[in-house]
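Student: Please take one part of this model, the surroundings of the ligand, and describe it closely. I should like a connected account of what lines the site and which contacts are made there.

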Amino acid sequence: MERAAAMRNLPIFLEMRDRPAIVVGGGVAAARRAEFLVRCGARVTAFAPELGEDFFEVRDRSNFRHVARDPAPNDFEGSQICFIATEDHRLQEAARKAAKAAGALVNVADQPRLCDFIMPSIVDRSPLVIAISTGGASPILGRMLRARLETIIPAAYGRMANLMSRFRERVAEAMPSQTMRRRFWETVLEGPIGEAALSGDERAAAAHLAREIEHVREHGDMTPRGEVYLVGAGPGDPDLVTFRALRLMQKADVVLYDRLIGEGVMNLVRREAERIYVGKRPEDHELPQEEIGALLVRLATEGKRVLRLKGGDPFMFGRGGEEIEALAAHGVPFQVCPGVTAAIGASAYAGIPLTHRDHAQACVFVTGHGKDGKIDLDWTALLQPRQTVAIYMGLRNLEALTKEFVVRGASADLPAAIVDNATRVNQKVVVGTLATLAAKARAAELRGPSILIVGTVVALRDKLDWYAPAAEDVAHAVPAGENGKD
Ligand code: SAH
């Protein structure tokens, strides 16, 4: 049998609260080390004739002290740990010798051979901390791994750990068997209580948890309960899905999706999840909102984790509010995860900023989908100067909409653009004026979904989307800033 490869270092976490620590040096590297020490409660003394600006984080902390000179040998007495971060080799050597003589563990920045210990890359979700070391083989690899962990471990994991530690004893009391406790915590962390903690609602999480413990005490088992995630998936480019959305997409037992959700995004949903299409097209009979609401309630009541995926942001013309009303009425736990709304995605990917100091100080979001075909908009509010108007669901009424702008007093030369299938590989941008846009859009045979942007900011596109050929009005999309080459 092959022997396990030798571990290069002993991974340990050192207790530093109220213990003396020394930093030698006044530059960035010294500042970072001082920061770590201060954060874990050590009594830190920094020796340096001068402290650089990077010390601003720690400078005024009560457990930080600056001595404005180089250290003398007896300065190290009693200190347990010493970071040397100076490029002055003589000082490095002298400080190291003195620190070792005082019995401290020493780390010399960028000199692995002179170190008693190394500084790992860390992911801090205190009280949960992950430390990564490559044993000096490749710090870059360590940092890359750290970046990956940062993205997959929700920032709020620490809150979850805090919550567990608060309730640990009560759970132990209510559940004598270890197997039962383990199962309890797994269910809690994976379910609505864990989600509440992760989304920042610690009070709700704690209240639910207390109730759940009581339930187990009385009934000997947990309440089976599903939940609903109302998640904004962004306008189409799967890269615009948030980390939180992705996590919820990966947990779902069943997903309800509609026409706005493209294949790229659907590919991110847990493969085993059951898929239910509740889509509607403008010309379809709309699936009544109440039916979707009732379906969400039924599935969640069966104990499932139900993902309701919405294009863009769930509360932006998405009827997200209506869908969760039913959930609230039935006491089904739910959470709402925001998404990049279509206008914001279109703006970035078409190189049209929605506000700009020289053009627009405001932007309004409206829907151009009139009830019974009639456009019902507050024109006084829309036609304010120095304001951009982003119109959702306006493609089918485009002709009438652009005409109405002019009838109501806007200049026929006012720049306007349509971004069709924004952020997707088939994005098209049509640029014109209120007078010309409808005809150009017709010629471009747009299929939707599209966003209409009206305002002088549209003229900035030539400057800001360097890929957009200035001479052409219809440009196939490449996100601003990418060069479109494979
Ligand atoms: N909740 C969604 C909007 C739903 S209303 C959001 O926040 O984006 C549907 C309208 O959104 C469409 O008619 C269209 O105007 C717009 N829309 C959605 N996705 C789009 C996309 N990828 N490109 C352009 N417009 C889009």
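Tutor: The domain bounds used here come from an automatic or database domain assignment. The model is a predicted one, in which local features need pLDDT of at least 70 and side-chain atom pairs count only at pLDDT 80 or more, while totals for chains, interfaces and linings use all residues. Residues are numbered from 1 along each chain as its sequence is written, and side-chain values use heavy atoms, with hydrogens and water left out.

The shell around the ligand takes at least three residues from domain 3 (227-340) and at least three from domain 4 (343-478). In total, 18 residues surround the ligand, each having a heavy atom within 4 Å of it. The closest of these are Met316, Thr341, Met393, Ala422 and Ser450. By character, the shell consists of eleven nonpolar residues, five polar and two charged; Ala, Val, Leu, Ile, Met, Phe, Trp, Tyr, Cys and Pro count as nonpolar, Asp, Glu, Lys and Arg as charged, and the others, Gly among them, as polar.

Backbone atoms of the protein make polar contacts with the ligand (pairs of N or O atoms within 3.5 Å). A polar backbone atom of aspartate 313 is 2.8 Å from an oxygen atom of the ligand, and one of alanine 342 is 2.9 Å from a ligand oxygen atom. A nitrogen atom of the ligand, in turn, lies 2.8 Å from a backbone N or O atom of alanine 422, a residue already listed among the closest. On its own the ligand has 540 Å² of accessible area, and the protein covers 93% of it (Shrake-Rupley method, 1.4 Å probe).

Note on methods: Polar contact = N/O pair within 3.5 Å; in protein donor to acceptor, adjacent residues only side chain to side chain.
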